[in-house]
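User: I would like to go through this structure with you and ask, term by term, what the wording used for its architecture rests on.

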Amino acid sequence: MPEPLLSVRDLEVSFATDEGVVQAVDGVSFDIGQGEILAVVGESGSGKSVSAMTLMGLTRSPNARFSGSAMYKGEDLISASDERLQDVRGAEIAMIFQDPMSSLNPVQKIGAQIVEQIQAHEALPDAQARERVVELLERVGIPRARERIDSYPFEFSGGMRQRVMIALALSCDPNVLIADEPTTALDVTIQAQILQRIRSLRDETGAAVILVTHDLGVVADIADRVAVMYAGRIVEQGSLDDIFYDPQHPYTWGLLGSITRVDKPRPARLPAIAGLPPSLADRPEGCHFRPRCPHEFAKCTEVPPLEARVEGGQHLDRCWLTVEQKRSDREVLPGEIGLRSKEGAPA
Amino acid sequence: MARFIVRRIGQMLLVLFAVSALTFLIFNVIPGGDPAVRMAGRHPDPGQLARIRAEWGFNDPVYVQYLKTMQKTFTGDLSSYTTNVDVVDELRKRAPRTFALAIGAAIIWMLAATAIGLYTAARAGRFADRSITILALVGISMPVFWVGALMNYYLGFKWGIFPNGGYVPFADDPWEWFYHLIMPWTALSILFIGVYSRVLRSNILDTINEDYVRTARAKGLSERRVMYRHVLRNSLIPIVTLWGLDFGAVLGGGTILTETVFDIQGVGQYAAESIGQLDVPPVLAITLFGSFFIVLLNTVVDILYAAIDPRIRLQ
Amino acid sequence: MATEPATEFALEGPSALQGEPRRRGTAGMGPWRLAFRRLRSNRVAVVFGFVFVVLVAVCLAAPLWADHVAHTDPYKNHLTDTVIVDGEKKDVVTPDGIPIGPTWQGEFFLGADGNGRDTMVRLLYGGRNSLLIGVAAALITTFLSIVVGVLAGFFRGFTDTVLSRTMDVIWAFPVVLLGVALGTALTLSGLQIGPVDISGRSKLIPILIIAIVYVPYMARPIRGQVLSLREKEFVEAARAQGAGSLRIMLSEILPNLSSTVIVFFPLMVANAILLEAALGFLGVGVQPPEASWGTMIGDGVKHILSGPHLAIVPGVMLVVTVLALNIFGDGVRDAFDPRAKIHLEH
């Protein structure tokens, strides 16, 4: 494997809150190379958004503590100065946010908002910056871009606004694009268009894409590699095929089992993982998934390291079960994988 | 836009008519306030009273009196009942004083409140923020005439730091003009600084958690630019409307107490004096003057609001 | 205020977690209990609420002080009397008209005014008037605002136009100017409408003036709220069940206005007290020989050269009272309706 573009090691993020210290991210490590799309999957509160935003320093606050590193072109983003990060943000690493309705300043013209970013990083005269914005808007598929550049966000639909957000993110040719639930707030048809757009931009620019999502459908559609997060930790990481066809962690089984599928007969009840994710201020010892896992055994009170247990070395997971146990224990319904519910677990 | 303005002007005229009619009515129902009696002097004989009544038209029905008074107001020969001074001339002479007081105070309170609002928002929850918040509430709780009188007594009379009331026209001596206005400006501003800094503080704290501020940071803008271009600008939008309305209210009678305490001799003090003497013509003219600015600024604020916030549509 | 967490400025911190823990312990509680709990935990607001209660109690006890401590009443002149301070005999008012300053003892505790009246006694009696006018005016304002706001918002159309335009006219009047004009006119003549006959000296006059002047400030937000409430499903439901307009207004709309009213009320009292002071200062509030804090400040300012304490003492009482109400009202707003945007003039 060539030198990765971005290499995150043992990233930890915690916040001081009224309820005590919340460990939002607890030792996350991953690499991403040029032109690669890495999907970070997990439910709300699993730390996936916090991890992504921390790479850009957007979680910095007096109440936040960080450790670990994120090496980008030989430079650590976690310990970088605020000034240095300002140069990186938008120019080298850009981000697309979840809610396009609220992520644009409502009282500024969209063109001006993009020009602002370009001029923060390059000494470009207004006229040229505007020209570039028109090109960008055309590239992300906004019709009549030259006229619409002076529109306000409220004059756009949700899908169009998300395209503006993508144009904004791409305006300085970033090497890494972080997309935080970019399609969650959109209609399904628009979703597909936006994903298509992100993929073709990756192909054109060769940017690495970190896609944060809880939607496995999106992941299957677009990702090269997948990292599954649970309660602040990555519990499994591998190629798209590894995760979908040979999942190793019981939590991943549960996630996969909860996808509704139109090509299969509808189950009587939507499968769900029993129980609730733990509070981040008060998590169980050892494996965090332990209380919800039907396969829990004595060893699970120790934290399982994230390591390759499957032959090949690129598929990592955090589960003490042997590979053979996993392959035989995971509930393989006809054509799909699921997780039995735990006996006595709270519904 | 043109239709909006035409409609608003129509509404303004209606409101002004109602205000003036109401004022006239308030003073015409006063039985003890028969102006003829006061004009006739100490021991009026009935003939004299009748002459005055006829001369001033006090025998006409109320609406005729009202119409005549209004006509005189706009032709500029409205006379006071008590001093025989032309009311419109008097207003013209006094208006610059009130303008100087109101405009200066409006600038001071806006700048001070912006600075304090920014400062407290940046230190939200800390000691500095909490103590300033209490101070702002103290400012809101103090009657302006009390603060003014104490300032006048201590800073003016006793310690002689500032002139003890009075007004010097700008054209006579700009420095003295400024020097004389420092205390009145401050006294008048205190309340508004208290109100505005608190509103701005809470607006900033709301805005700072907006998604678009996070976007602005993600764009790689400097923290300064994020604060000024995105947080402060958006937080100030509601304040600007408030400012316009309050400026109108201050111009239109809000200086009555300050002027009286500092003896500015502006429109507000004229109002206080005329009301005390039940001198209807000046009261009517001043009320019209005041209401005009209140209504005008209301309209200006609506237009301004639509201009700075494109989501608002005039209707 | 005091309950704000120190984390407010922290951008993505806890809010980005979307975790459940923040809600722990508050589930299953009614909004009222929750609001009261929030108010109780706001120590500054509770303390100042208590200060206000104490001030009210002290003013109510004015006759006790007058009879048992000061041995005089608020109107009695002691121009030619003397008082013994630290074993020294002093004039209450010197021959050249300078009144005595605070003696810090039972009689003339806070000194005397130019007429030789006991300032402390007048302060307490004046406080009763200020508080009475403030609370009564705020009550009437609230009542009128609810009536106007509910009728305008509920019936819309013609009713709304008439009421809203009337409010606009009052709004367009400069507050103090309108108050003073009404005050002057009514103090001279009193108010006679049919069987109602209010003398010009009555305290009802300042009460009514203040009450009316503030109606637009409260009626407007209420109207807005009613406009949105009348479109809510529960109103539809009541209508579908055949409830009449009056029923809907009383049992569906009114209860939903309660938090707005609760939030407005303390601030309304504070502003009413301040406006009364302004009217009193200009001589159209409470009529002599009775006093209010406003008239006492007015007198004090007139004679400030002979003794600033006459202006300072009632002013401080007024500021402390209004401040207590403002801080308490702030706490109430944070507890009941933190989004409420309230702006009053005075």
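The exchange below takes up the two chains in turn, beginning with chain A, and the model under discussion is a predicted one.

User: What makes chain A as compact as a globular protein of its length?

Analyst: Chain A holds 11 helices and 14 strands. Its radius of gyration is 21 Å, and the globule rule gives 20 Å for 347 residues, so the two values are close and chain A counts as compact in the manner of a globular protein of that length. Along the principal axes, the C-alpha trace of chain A spans about 65 × 45 × 45 Å.

User: Why are E2 and E5 of chain A placed at the edges of their sheet?

Analyst: The sheet in question is open and has 4 strands in the order E2-E1-E4-E5, with antiparallel pairing. Strand E2 (20-32) and strand E5 (75-76) each have a single partner strand, so one side of each is left without a neighbour in the sheet, and that is the reason for calling them edges.

User: How do you know that E1 of chain A pairs with E2 and with E4?

Analyst: Pairing requires at least two bridges between two strands. Strand E1 (residues 6-17) is joined to E2(A) by 10 bridges and to E4(A) by 8 bridges, so both connections satisfy the criterion of at least two. In both cases the strands run antiparallel. On the E2(A) side, Glu12(A) stands opposite Asp26(A), and Thr17(A) has Gly20(A) as its bridge partner, while a hairpin through 2 residues joins E1(A) to E2(A). On the E4(A) side, Arg9(A) stands opposite Ser69(A).

User: Which strands are the edges of the sheet of 8 strands in chain A, and what makes them so?

Analyst: That sheet is open, with the order E6-E7-E8-E3-E9-E10-E12-E11 and mixed pairing. Strand E6 (93-96) and strand E11 (307-308) are its edge strands, since each pairs on one side only. Within this sheet, strand E9 (residues 225-230) and strand E10 (residues 233-239) pair in the antiparallel sense over 6 bridges, and Val228(A) has Glu236(A) in E10(A) as its bridge partner.

User: Which strands does helix H1 of chain A lie across?

Analyst: Helix H1 (residues 48-55) lies across E3, E6, E7, E8 and E9 of chain A, running at about 150° to E8(A). H1(A) also lies across E1, E2 and E4 of chain A, where it runs at about 110° to E1(A). Helix H10 (residues 250-257) lies across E3, E9 and E10 of chain A, at about 105° to E9(A).

User: How is chain B built, and into which domains is it divided?

Analyst: Chain B has 13 helices and 0 strands, and its C-alpha trace spans about 85 × 55 × 35 Å along the principal axes. It is divided into domain 1 (2-75) and domain 2 (87-276), whose C-alpha centres lie 35 Å apart.

User: Why are H5 and H12 of chain B called oblique to each other?

Analyst: The axes of helix H5 (residues 87-122) and helix H12 (residues 267-276) of chain B come within 7 Å and cross at roughly 135°. Angles over 145 degrees count as roughly antiparallel and those from 65 to 115 as roughly perpendicular; the crossing of roughly 135° falls in neither range, and the two helices are therefore oblique. In their contact, residues of H5(B) including Val87(B), Leu91(B) and Arg94(B) meet residues of H12(B), among them Val267(B), Tyr270(B) and Glu273(B). The residues of this contact divide into 5 nonpolar, 3 polar and 3 charged.

Technical notes: Residues are numbered from 1 along each chain as its sequence is written. Chains are lettered from A and ligands numbered from 1 in the order in which they are written. This is a predicted model: local features need pLDDT of at least 70, side-chain atom pairs count only at pLDDT 80 or more; totals for chains, interfaces and linings use all residues. Side-chain values use heavy atoms; hydrogens and water are left out. Domain bounds come from an automatic or database domain assignment. Axes are lines fitted to C-alpha atoms, for helices over the stretch in contact, and angles run from 0 to 180 degrees between N-to-C directions. Angles under 35 degrees count as roughly parallel, over 145 as roughly antiparallel, 65 to 115 as roughly perpendicular and the rest as oblique. Contact means heavy atoms within 4.5 Å. Ala, Val, Leu, Ile, Met, Phe, Trp, Tyr, Cys and Pro count as nonpolar, Asp, Glu, Lys and Arg as charged, and the others, Gly among them, as polar. The radius of gyration is taken over C-alpha atoms; the globule rule is 2.2 Å times the number of residues to the power 0.38.
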